[in-house]
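Reader: Could you take me through this structure slowly, and explain each term when it comes up?

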Amino acid sequence: MSAAGAFRTFWLQALLVAALVIAGASLGRWVGKWAAIESDRGHMLAFANQLLKRGEKVFAEADSVLAQANGSPFAFCSSQEVAFLRDILFTSRYLKDVGRVSDGKFHCSAVFGPAQTPAPLPSPDETAIDGSLIYALVPLAVSKSSAPIIGHLNANVVLDPTAFDSFADPAYVFGILLEPGDGRNPVGMFGVLYQGIQPAGFPQGLGRDGDSIFRNLCSGRVCVAVHAKVADLEAAMSTSLFALIGLGGALGGAMGCILLLLQRKGVTMKARLSNALKKGVLELEYQPIVNLHTGAVVGAEALLRWTENNEVISPDVFIPVAEEADIVQQVTLYVIDRLLLEMAGFLQSHPDFRLNVNISANDLCDPGFGAKIAARLEAASVLPTQLALEITERSSANASEAIEAIRSLRSRGHSIYIDDFGTGYSSLSYLGQLNVDGIKIDKSFTQKVGTDAIGVSIAPQIVDMARAHDLAIVVEGIETERQREYFANLKMEINAQGWLFGKPVSASKIADLFSARGGSVRSATR
Ligand SMILES: Nc1nc2c(ncn2[C@@H]2O[C@@H]3COP(=O)(O)O[C@H]4[C@@H](O)[C@H](n5cnc6c(=O)[nH]c(N)nc65)O[C@@H]4COP(=O)(O)O[C@H]3[C@H]2O)c(=O)[nH]1
């Protein structure tokens, strides 16, 4: 990779990790927010209920005192009545004053006594259906504060504006409201929220309003509203929230690093494989393919071997990497070059001996592939009929390309086999279209023979189907005499491969094996 390419890759990887850290932290924040709201729901409800209880007490006391004042047995605003009002006030808990009114004017109260000149009352904020006058906030004559007032008939009461101060909680803002009735909006009497105003609409229950969550409750004509800013809830649990954001970020970062490690592993494997191909350190082994009826060795499958630092890397691992990295044709041509280097002489002197080579989908897609093989075979003076090609069902999935490639390779003299047959999803008609020479039955089916699973093995059906389509058969993975016998008893020409006949061996050993046994081996010789 060029220096510019490496630089770009570094920044792309750094960006990936950063993006995952940010995504993880955002997720942590979202979870924290959700947890803050969820954990606060119960708390908020309990808080609202306490306020409601207090509200009920306050307004019930106001009603009771108003009733008592209106039922005064004394002359209107006489000194006895003022004393009477004082008695009532002293026994009340949430009232500041109780007074007498008449014709819209204030005449006397427990705190002020009789007024020298009756003072006109301001207009109420609302008039309830029972005729009560509701004053949300009236400036008090005795202090600089304001207080709610409720009037009924010829009396009114000043409610203690601090009646709810003990509920102050930094997490919440609240309001205590009084409903006038007739479905009209309640009037804010206490608390910061809706102080002195009528909220437009008053949805009950839990809800969300912008960046706040709220709970509204009503009981009778008393209502409470509690609001909490989501940001405040987060701040209240800031330690846990920061921990969650940190955890989310760390998880995102860790995920990024793992992804990079996995990617690096793939990149490294690709680089190491390319290097190994360049250095020519990959080796070939050849597994004998025998005629099941005569036991004669008729050929072998070339299998690639890669050992690095005494560690054997399976082709099942590095071939998919080569396919992914688009260097699998290099591998195929490496195998062909190598087998010609090792076996050309033997092949020339044994024209009936055939070597099978695995090829990939990429090879099939390359229209120049046949010519590349032909040039090599010609240079080594080996007949194309001596090189059979194995393709998997997967690699032939692109039907039209595969059909044409197979036709072209067969016309050059190569036999084509479908490898690991039965593990893919080729339909019989598809197999017919592909027009191959034969199939290799996957070892997973062979290995069911001789076990109780034979009943469910589809090997017999595959054999019947191959016979019907006039396809040659190679059974893979024969390990036991019983498996050999099972396939040998089928009345058709079958070739086989497996540890019973021989494990993959070096070029010289496969040649020795063939020569020493006169082309016939019956059991493993390794
Ligand atoms: N359990 C058991 N296994 C047996 C027996 N007889 C043979 N085998 C193993 O079965 C695999 C047969 O090769 P394959 O189906 O073409 O499956 C091959 C083939 O698909 C791929 N491969 C190997 N060499 C090459 C290559 O040069 N090029 C390509 N494209 N793929 C290759 O890797 C796969 C695995 O190769 P190997 O590990 O060499 O594994 C080989 C072989 O060692 C047996 O009796 N019992």
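Author: Let us begin with a pair of side chains, Glu285 and Arg305, which are joined by a polar contact (a pair of N or O atoms within 3.5 Å, where within protein one must be able to donate a hydrogen and the other to accept it, and residues adjacent in sequence count only if both atoms are side-chain atoms) of 3.0 Å. The model is a predicted one, in which local features need pLDDT of at least 70 and side-chain atom pairs count only at pLDDT 80 or more, while totals for chains, interfaces and linings use all residues. Residues are numbered from 1 along each chain as its sequence is written, and side-chain values use heavy atoms, with hydrogens and water left out.

Reader: Does Glu285 count as buried or exposed, and what is its relative accessibility?

Author: Glu285 belongs to strand β13, residues 283-291, where helices (H or I, at least four residues) and strands (E, at least two) are DSSP runs numbered from the N terminus. Buried means under 20% relative accessible area, exposed over 50%, and partly exposed in between, with a 1.4 Å probe and protein chains only. Glu285 therefore counts as buried, because its relative accessibility is 18%.

Reader: Which element gives the most residues to the shell around the ligand?

Author: The ligand is surrounded by 22 residues, where being near means that a heavy atom of the residue lies within 4 Å. Among the contacts, a polar side-chain atom of Gln287 lies 2.8 Å from a nitrogen atom of the ligand, and one of Asn358 lies 3.1 Å from an oxygen atom of the ligand. With four residues, the element that gives the most to this shell is β14.

Reader: How many residues of the shell are charged?

Author: Here Asp, Glu, Lys and Arg count as charged, Ala, Val, Leu, Ile, Met, Phe, Trp, Tyr, Cys and Pro as nonpolar, and the others, Gly among them, as polar. On that division the shell around the ligand has eight nonpolar residues and five polar ones, and the number of charged residues is nine.

Reader: What is the phi of Asp326, and why is it worth a remark?

Author: Most residues other than glycine have a negative phi. Asp326, which lies in the loop between α5 and α6 (328-349), counts as exposed because its relative accessibility is 57%. Although Asp326 is a residue other than glycine, its phi is positive, near 65 degrees.
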